[in-house]
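User: I have a structure to go through and would like some help reading it. May I put some short questions to you?

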Amino acid sequence: MLLTQAKPLLSNCNGLLQHLNDELMMLTPIDGTKFDSMIWKFNYNTEVRTLDFSLFDSPYVKFIETIELVFDEYKYQITSVELAKIIFLSTASSSSSGAYVLGFNQLTRIFAFFTERKIICLESNENYQAMFQYLLTMDVRSSGVKQRFSSFSYAAAFSISIDKIRNALDLYGIEGILSPIPEFHLKKALSSAVEVVTGLTLTDYKAGGSFNFLGLAIGRHYIDCCSEYFEQNYPLAKTLHLCLQELPELIQKVFEHQMGSRLKVERHLITHIGAELTGRNILTAPFLISSGRQKGQFVITKERCKLIQRVTHDYFKKKYQLVHEETILLSEQGLALLSKKLELPNRFDSFEFLRTMLLTDLINTPLPRGPEALLKQYCATLKGKRQITLIQFLKACTETKRQLLAKIPKNKQNLEQLLHQANILQSNGGHGIRELLGNVEASGCTLMLSLTGWRASEYDFPLSAITIKNNEDILDSTYNPFRFMLNWVVPKTNGKTKLDREITLSAYLLAFQLNYFNGESNVAPCLYSLGKITPDVHLSSNMFPYRVIRMWAHFVHYYTPFKELKRLDYLKQIDVLSEGERLEFTRLTQTYPDNAYTADFRHTMQKVTNELPILQVSGLFARNKNSKPAHNLFGFVKGTLNIDEIDIWQKKMDPFLKQKLNELTINSPSDLPKDLVRACTTSVLKNCAYPTPHAFRHIWAEAVLRRYSGDVGWFIRSHFKHLDERFFMRYLRLKNFKDIHDIAKRAVISSIVKMHMLTLRDEQRAYAGKFDVLMRRLGKATKVLSLEQLAEVADQFTATEVIDITANAWNNCIVRGTTEKQAKCAIDSEPQAQNADPSLCLGCINSNVDDGHVIGIMLHVENHVNILKDPKLPEFFKMKSKSTVSEAKKQFLQLKRNSASNKYDNHIQYLDDALVIGG
């Protein structure tokens, strides 16, 4: 080892080495453990805790070769491993060997952070905040650095205070590493880091709050599930809502007209109406028919039940058709069919224009521009300047509606089919209807979170707080002719002061639908119903956490791709398939081929399925006090839970917390301290994926980066891809969003690297660009790994190699430390992402292209194609266009070769023709 001395130190001792061994002995290690041992062992209760310091010699942790130490006026050169040991000895407490692992792990994360940032000294407040965020979110293992699904508890993340580490460095005269900053700035950096990562205040986080990293990888599927549920069930839910609101009074008036007197029976009618709407026949359910008469009581006879039944079904049919007509064209199926009838390109920007046109008919508010003006501007962008008149547009809308509305219920059998699709069971109490209404509202709220990425406290606005303005941006106004400005409070940063913030057309349409769903109020929150709750400025922060998680169990059990993949697995087990099963098997194998994407998706399905019982037993979905965390924890302590639930608590809870519970006298759930309940629940939920409002801030940031490419789900792609970069930059200029965006970059880069390497096993992989060349070389040098191991390798590569990522419509620019100066947009060796252009990017060493970039490439090289085809332009004027079109053609050739697909042939031929004409 490098730790040497010039002459003996500390009289009668062996100098510094003897001193450090003495310090180690004070921690009472297992016999044979010495300072120069790589493995240190300690007893902890009945277990042995092992610390392997060779980890500090790993390339992703070793941020220095040697550093100078001063002890007893002598100077020594120590290694990274010895530095870690010295800091550990100086900060560890002999009172609890259980905390040794926490301190050791914290040091590995600090060293890994320094290594990733390529620094040897932490100086600015921003660097401290970045380090704290790293400590909260990363794991360092022998296999590499990996981002966690859940944040550490405060005690685990910051087992050793920064002051203790700095004091240890000062004690041994080790200069640099942690520059001193005022205590106020240190606390501010920590508070900001905690808020960015968890959405909690530092006080709440210390009290036991935690956060799970539901990123885009899993979140996109949950969002698509909520979108599917909302789109499919909104018309039914709204109709049922209207029926329960309006039918009692309507039927009562019919009875009053028959009897010639006023009645008070609305409350009694709800039971009958609710039963009929949930598929029961009130004529064959005897307990619903009052056959006797008490003094002054209105008797609902069988004949009156017939009237209730007839009026209810007629009213439902009428209202369902009206609600369906208002919303059906906004569905994915409706937009696709309308686009086809109008012969528009089947692209998301076309869908966005159609949404804008439909908005003009949907709302009563005067808009800055009418439908004819919108059509005229849009048609000017179409190939051949093709004109679409307003009459043609309205005719296409009518035909599309007629085609789609043919499937709406015409009789009771159709109604029962709708109820079955919505999983509404027969119930005379209307519980099934209330479940459906709550689920639709929760799905809508979740979609709003995914579209905006705001804090949970920022969603209690009424629809009247949104104004629609003309979009004056010439480049952006063709597909987005209006701007939607929300004037409302942002409690976290601006208190009660209202600010203007822009939302998208999709967000406005969603708010409009939810407002209509909840009663069309101009003053109450438009996104959710208040019920009996009195509104206050922070209402949505209490309402949204439960709404965003409400659909999770439905997602795990009923998400269509999950069901299809399970069905495919089932069909694979059958030896002889029927004709129908063979057709189904063929369709499913085409949808879910045996490739990397299906393997990754299957892993996601298995993860959320395996973790659902853990979430349920923790009380995360609690709707009443008997299923809340404290009651479940009490059931574990007393052994009253079922065997499986007890097993989950037993296996998942930290031994230290179980010991704490054993030390308490607990006779009821109220005897459990709240902070202990939070700590136990957090321990059980460790590394489980589940949605929280704050998680959607991270999902939103990742979606911004992946909106052009990769598997991000239909909902995100269709609502994000067409938006101009400037829209997102208005968000990202905010300090808090910038920090979240930085965290999201790591997750996105790691995901891209993982999928590159995972698809190397496939015969078909739609990637191109020079970054893909690097990935193929890296893949060949990597042995076959499991999905978990592959994720760790990807995280390690991201941490040690990649500097930044920029999402463009034509590629992803992934800048590495070794290629930063070679970027084609670089000025003075610094990449200039703001100058990104296909002419620079497509042939750049940092370029990563996948199938999602095809349309972007074609759109952005079209002008170069036109230049090449123009015979009047001089040759020198065409040189840049030749180069750009040639590079675009190379990308398509590489995509064709890697994917073994002919779908790129038309693009290749189109570009080739332009190059031939251009000379």
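User: Which residue is the bridge partner of Met 138 in E7?
Analyst: The partner of Met 138 is Gln 147. Please keep in mind that this is a predicted model.

User: How many bridges join E6 to E7, and which way do they run?
Analyst: Strand E6 covers residues 138–141 and strand E7 covers residues 144–147; 4 bridges join them, and the two run antiparallel. E6 and E7 form a hairpin, with 2 residues between them.

User: What holds paired strands together in general?
Analyst: The strands of a sheet pair through backbone hydrogen bonds, in either a parallel or an antiparallel way.

User: Turning to the sheet with E9 in it, what is the strand order?
Analyst: The order is E9-E10-E11, in an open sheet of 3 strands with antiparallel pairing. Strand E9 (466–470) and strand E11 (498–503) are the edge strands, each pairing on one side only. On average, neighbouring strands in this sheet are turned by 30° against each other, with direction ignored.

User: How many bridges are there between E9 and E10?
Analyst: E9 pairs with strand E10 (residues 482–489) over 5 bridges, in the antiparallel sense. At one position, Asn 470 stands opposite Phe 482 in E10.

User: What about the sheet with E12, which order does it have?
Analyst: That open sheet has 4 strands in the order E12-E15-E14-E13, and the pairing is antiparallel.

User: Why is one side of E12 and of E13 left without a neighbour in the sheet?
Analyst: Strand E12 (767–768) and strand E13 (802–807) stand at the edges and have a single partner strand each, so one side of each has no neighbour in the sheet. E12 is joined by 2 bridges to strand E15 (residues 847–850), and these two run antiparallel. Within that pair, Ala 768 stands opposite Val 849 in E15.

User: Now the helices. At what angle do H27 and H28 cross?
Analyst: The axes of helix H27 (residues 655–663) and helix H28 (residues 674–684) cross at roughly 145° and come within 10 Å. Their crossing is left-handed.

User: Which residues meet there?
Analyst: From H27, Leu 657, Lys 660 and Leu 661 meet Leu 676, Ala 679, Cys 680 and Ser 683 of H28. By class, the residues of this contact divide into 5 nonpolar, 1 polar and 1 charged.

User: One last topic: how many cavities of 30 Å³ or more are there?
Analyst: The count comes to 3 cavities of that volume or more.

User: And what lines the second largest cavity?
Analyst: That cavity has a volume of about 110 Å³. The second largest cavity is lined by 13 residues, and those nearest its centre are Cys 813, Cys 825, Ala 836, Cys 841 and Cys 844. Its lining comprises 7 nonpolar, 5 polar and 1 charged residues.

Conventions: Residues are numbered from 1 along each chain as its sequence is written. This is a predicted model: local features need pLDDT of at least 70, side-chain atom pairs count only at pLDDT 80 or more; totals for chains, interfaces and linings use all residues. Side-chain values use heavy atoms; hydrogens and water are left out. Axes are lines fitted to C-alpha atoms, for helices over the stretch in contact, and angles run from 0 to 180 degrees between N-to-C directions. A crossing is left-handed if the near helix is turned anticlockwise from the far one by less than a right angle, and right-handed if clockwise. Contact means heavy atoms within 4.5 Å. Ala, Val, Leu, Ile, Met, Phe, Trp, Tyr, Cys and Pro count as nonpolar, Asp, Glu, Lys and Arg as charged, and the others, Gly among them, as polar. Two strands pair if DSSP finds at least two bridges between them. On a 1 Å grid over the protein atoms alone, a cavity is a set of points where a 1.4 Å probe fits but cannot get out, and a pocket is an open set with protein on both sides within 12 Å along at least five of seven lines; lining residues have an atom within 4 Å of a point. Grid points are joined across faces, edges and corners, and a volume is the space filled by probe spheres set on the points.
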